[in-house]
Amino acid sequence: MSARPAPAPQPGFWWARDDLDFQDGRLHLAGVDVAARAQAADGPLFLYSAARVRANLARLTGALGQTGRPTRLYYAMKANRFVPLLEAMAWWGLNGIDVCSPAELERALACGFAARDVSFTGTAVANRDLDRLLAHPELTINCDSVGMIRRIGERTPGRAIGVRVNPERGVGYGDSDKLTYAGQAATKFGVYRAQFGEALATARAHGLSITSLHFHVGCGYLDGQLGDWEAAIAAGLAFLDDLPDVRTVNVGGGLGLPHRPADAALDLARWAAVLKRRFAGRDVTVAVEPGDYVVKDAGLLALQVTDVEVKRDVTFVSVDGGFNLAPEPAYYGLPCEPVACAPRDWDAGRWAPVTVAGNINEALDVWAADHPMPPMAEGDIVALLNAGGYAASMSSNHCMRGEFAEELVG
């Protein structure tokens, strides 16, 4: 007797959208059957949707057009440095790129970006780094310390530079200290107000002109945090009074995406209204450098189930990839959303909470606990959503399990 077909998929997954949803009972990203592609890869696989990345860039460009100021959009390469993706961005011509190391700069140039379309924002920059950066006169370099200003002046007196300041106001996803770059506690990022006079004097001593101002206050902020973000913008702009030559103000990135059903997505119209309000009457170009917002929801990590086993009162679904491949859930506590790519049972009443665990020999290698999933079996494919940003780019070879494949689709 043939098996009874599974009930039809139930609508309403909080993360679903036109290009990420179930088709005929199987998860698809940008028209690609995720489980089938992962089975062919025979190992951890990152899938990225080019169309979703381009749509995210276009949406940001449209929002920036409502600010009433000239604008510049940079993509923060540290979020995802996959070469085919960077080459596509260079071809589209919708954005410049922000880098934080000489190697990232060289990759951006190799992928088709011109130095004039690149900004550098790094910290603890060594002299050997400066020598590689300063070989590109059109590169915008945002100086993170007074010492960095001095060392640039000693090497290239008269150069135009940017200065990264610390507004002492910050915001990040869930108000996490680990995702906040400026605030009550001292951080390593940027020049504080107490140092600012010394920074200006150092620049003058070497004939450096400060033509750009930069500040980045945190990562992953959402709609409910826009008030705090606006306060940080106001604090950062207070530095402009002492910078008559500044032509560009870079407000950093940090635009967030929902990680759980209760997260209210960032309203780009409200976000742009903040910039319009705060930059009214200021004769500068407004620059932003998002990473996550551009790539995070455009990617997923597909892993194969290796074991399903009950230990005491917990059902563990073990998969063939660990936190070293996508460290954010372990490092920052960002919620992870595992999805069964080809569920055999769509009856939500028969779904049960499980703990999805990886293959790294560490106690923190747990993707999600008490996470409702349909019955799972060895060989099934699980997709970890929101893995397009700060996953592969932060990966390591811990336990020598660092191998994975990446593909750009759609």
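# Exercises on contacts, helices and loops

Leaving out neighbours within four places in sequence, Leu 385 touches Trp 15, Leu 20, Gly 299, Leu 300, Glu 337 and Val 339 (contact means heavy atoms within 4.5 Å). The model is predicted, so local features need pLDDT of at least 70 and side-chain atom pairs pLDDT 80 or more, while totals for chains, interfaces and linings use all residues. Residues are numbered from 1 along each chain as its sequence is written, and side-chain values use heavy atoms, without hydrogens and water.

## Exercise 1: Place Leu 385

Find the loop that holds Leu 385, and decide whether Leu 385 is buried or exposed.

*Solution.*
- Step 1. Start with the neighbouring elements: Leu 385 sits in the loop between E18 and E19. Helices (H or I, at least four residues) and strands (E, at least two) are DSSP runs, numbered from the N terminus.
- Step 2. Next, look at accessibility. Leu 385 counts as buried because its relative accessibility is 10%; buried means under 20% relative accessible area, exposed over 50%, and partly exposed in between (1.4 Å probe, protein chains only).
- Step 3. Finally, try a long jump across the model. Asp 129 is 256 residues away from Leu 385 in sequence, and their C-alpha atoms are 35 Å apart.

## Exercise 2: Explore helix H9

Work out how the span of H9 compares with the expected value, which residues of H9 are buried, and what they pack against.

*Solution.*
- Step 1. Helix H9 runs over residues 268-279, which makes 12 residues. From its first C-alpha to its last, H9 reaches 16 Å, close to the 16 Å expected at 1.5 Å a residue (the expected span is 1.5 Å times one less than the number of residues).
- Step 2. Now pick out the buried residues of H9: Leu 268, Trp 271, Ala 272, Val 274, Leu 275 and Phe 279. They lie on the same side of H9 because they cover an arc of only 145° around the axis (the arc is that of the directions from the helix axis to the C-beta atoms).
- Step 3. Look at what faces that side. The packing partners of the buried H9 residues are helices H2 (50-64), H8 (226-237) and H10 (292-295), together with strands E11 (248-250) and E12 (285-288).
- Step 4. Step off the end of the helix. Just after H9, Gly 281 has a positive phi of about 80°.

## Exercise 3: Zoom in on Phe 279

Say which residues Phe 279 is in contact with, leaving aside neighbours within four places in sequence.

*Solution.*
- Step 1. Phe 279 belongs to helix H9 and is buried, with a relative accessible area of 0%.
- Step 2. Beyond those close neighbours in sequence, Phe 279 is in contact with Arg 69, Ile 233, Leu 237, Val 249, Val 251, Val 284 and Val 286.
- Step 3. For a distance check, take Ala 79. The two residues are 200 places apart along the chain, and 27 Å separates the C-alpha atoms of Phe 279 and Ala 79.

## Exercise 4: Follow Glu 328 to Tyr 390

List the contacts of Glu 328, then describe the phi angle of Tyr 390.

*Solution.*
- Step 1. Glu 328 is part of helix H11 (residues 328-332). With a relative accessible area of 8%, Glu 328 is buried.
- Step 2. Not counting residues up to four places away in sequence, Glu 328 touches Asp 292, Lys 296, Gly 333, Leu 334, Gly 389, Tyr 390 and Met 394.
- Step 3. Move over to Tyr 390, which lies in the loop between strand E18 (381-384) and strand E19 (405-409). Tyr 390 is not a glycine, yet its phi is positive, about 55°.
- Step 4. Check the surroundings: Tyr 390 is buried, at 13% relative accessible area.

## Exercise 5: Two loop alanines

Decide whether Ala 124 is buried or exposed, and do likewise for Ala 363.

*Solution.*
- Step 1. Ala 124 is in the loop between strand E7 (118-121) and helix H5 (127-133). Although Ala 124 is not a glycine, it has a positive phi of about 50°.
- Step 2. Its relative accessible area of 73% makes Ala 124 exposed.
- Step 3. Ala 363 is found in the loop between strand E16 (352-357) and strand E17 (366-373). Ala 363 is exposed too, with a relative accessible area of 78%.
- Step 4. Add a distance: Ala 363 and Gly 122 are 241 residues apart along the chain, with 32 Å between their C-alpha atoms.
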